[in-house]
Amino acid sequence: MEEHTEIFDIEIPRRGTGSIKWDLHAELQPYWIADMDTPSPECILKALHERVEHGIFGYSYPPADMFDVLTRYMHDRHHADIRPEWCVPMTGCVPALSLVARTWCKPGDAVMTCSPVYPPIRSVHRDAGCDLIEVPHVWDDGAWQFDWEALEKAWQPAARLFVLCNPQNPLGRVWTEEEVTRLAEFCERHEMILCSDEIHCDLVLDEQSEHFTCMRLPDRLRRRCITLTAPSKTYNIAGLGFTFACIPDDTMRDTFRRTIGCTLPEINCFAYVAARAAYMEGEPWRQRLIRHLRRNRDLVYSYVAEHMPAITMHPMQATYLAWMDCSALGVEDPQGYFMEKAGVFLNSGAPFGCPQHVRFNFGTTRERLLKGLEAMARAIG
Ligand SMILES: Cc1ncc(COP(=O)(O)O)c(C=O)c1O
């Protein structure tokens, strides 16, 4: 075992810890919801321990340098020049998506997106009492793509907001600068706000791919963008609740803050402390994590190709979530099939928009990963 992957291969029992992933179906092996079976890096644990030691956990301001830390991180890692005052800290990306929809859409309007996609993106329009315009991504030329013609055809004047998922969950695609710019121009031409959910931006596995954040778009385009990002997926701190919305346009930001009003709880002191530590000191650990996830992803590819040819997987560039097309299995409900026959719990593709798919979380130890794949292969026979 290589030294750099060792910590990611140590099994830590999570059953009975109140983990949604492990305790929802305690009789099954969990490979679903997007959290990893990996402890957070030492820098985060140390910062949290120090905060606990203080013993008083009242309402919290962000640490004085929080927004400087965020902007420096965005500059150093993502080459984006943003200002601290553009950042609106929030308790989660999903509430942020909902509040964005509620800010800019009213009944009769529509939210646009491309699918398959993370289920809340397909449902936040309901919070705003408006409609959804959904355009499928297409597999073409060896990659998932936007169907530009279909997007133009599907657009209606009622569309006020486009929600992008970049890197894409569940397709694992990292959209290029050219694609993000073209999408932003599409939104500009049709006077739509562009909300980009970039929660997986630090989980790019391909060495050849680079995340291009909407925060890097030219001013003309980014002034109609809201970019959501967080350290939660990468550093496995989703349970702490921290996201930030980057909104460069002053008027848009004021409008958004008014919608937030009293809807959200204060961000808790641990969330700030963990996010700050992740952005300031987490990079060496992140690099090791990426190597571990890359190995796991390659194992999933090769195992599926060799032992489960009835499952189709396309190459993915980011995230620890593998998207598996089970159409050739000929079963009505692939998630239910693997629950019953393999004892594994996967995400059903149905809420993502593709009932014949399942989503497999490989953010775990190599041993557990193999155990899950073997159980699935045995079930298929
Ligand atoms: C694309 C995407 N957005 C948002 C979330 C959840 O964000 P939060 O826990 O901050 O609400 C997830 C979780 O898997 C996700 O994949």
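Student: Which side chains meet in a salt bridge at 3.8 Å, N to O?

Tutor: Those of Glu 11 and Arg 368. A salt bridge here is a side-chain nitrogen of Lys or Arg within 4 Å of a carboxyl oxygen of Asp or Glu. This is a predicted model, where local features need pLDDT of at least 70, side-chain atom pairs count only at pLDDT 80 or more, and totals for chains, interfaces and linings use all residues. Numbering runs from 1 along each chain as its sequence is written, and side-chain values use heavy atoms, with hydrogens and water left out.

Student: Where do the two partners, Glu 11 and Arg 368, sit in the chain?

Tutor: The pair links distant parts of the chain, 357 residues apart. Glu 11 is in the segment before helix 1 (20-23), and Arg 368 is in helix 13 (residues 366-380). Helices (H or I, at least four residues) and strands (E, at least two) are DSSP runs, numbered from the N terminus.

Student: And how many salt bridges does the count come to?

Tutor: 22 by this rule.

Student: OK, on to the ligand. Which residues come nearest?

Tutor: Cys 93, Asn 169, Asp 197, His 200 and Lys 233, out of 13 around the ligand. Near means that a heavy atom of the residue lies within 4 Å.

Student: What do the ligand's oxygens have at 2.7 Å?

Tutor: There is a polar backbone atom of Cys 93 at 2.7 Å from a ligand oxygen. An N or O atom in the Asn 169 side chain is also 2.7 Å from a ligand oxygen. For Lys 233, a side-chain N or O atom is 3.0 Å from an oxygen of the ligand.

Student: Which helix gives the largest share of the shell?

Tutor: Helix 4 (residues 93-104), with three residues.

Student: Switching to the backbone: which peptide bonds into Pro 116 and Pro 170 are cis?

Tutor: Ser 115 to Pro 116 is cis, with omega near 5°, and so is Asn 169 to Pro 170, with omega near 20°. Pro 116 is in the loop between strand 3 (110-115) and helix 5 (119-127). Pro 170 lies in the loop between strand 7 (159-165) and helix 7 (177-189).

Student: What about the phi of Asp 141?

Tutor: Asp 141 has a positive phi of about 55°, although it is not a glycine. Most residues other than glycine have a negative phi, and most peptide bonds are trans. Asp 141 is in the loop between strand 5 (138-140) and strand 6 (143-145).

Notes:
A polar contact is a pair of N or O atoms within 3.5 Å; within protein, one must be able to donate a hydrogen and the other to accept it, and residues adjacent in sequence count only if both atoms are side-chain atoms.
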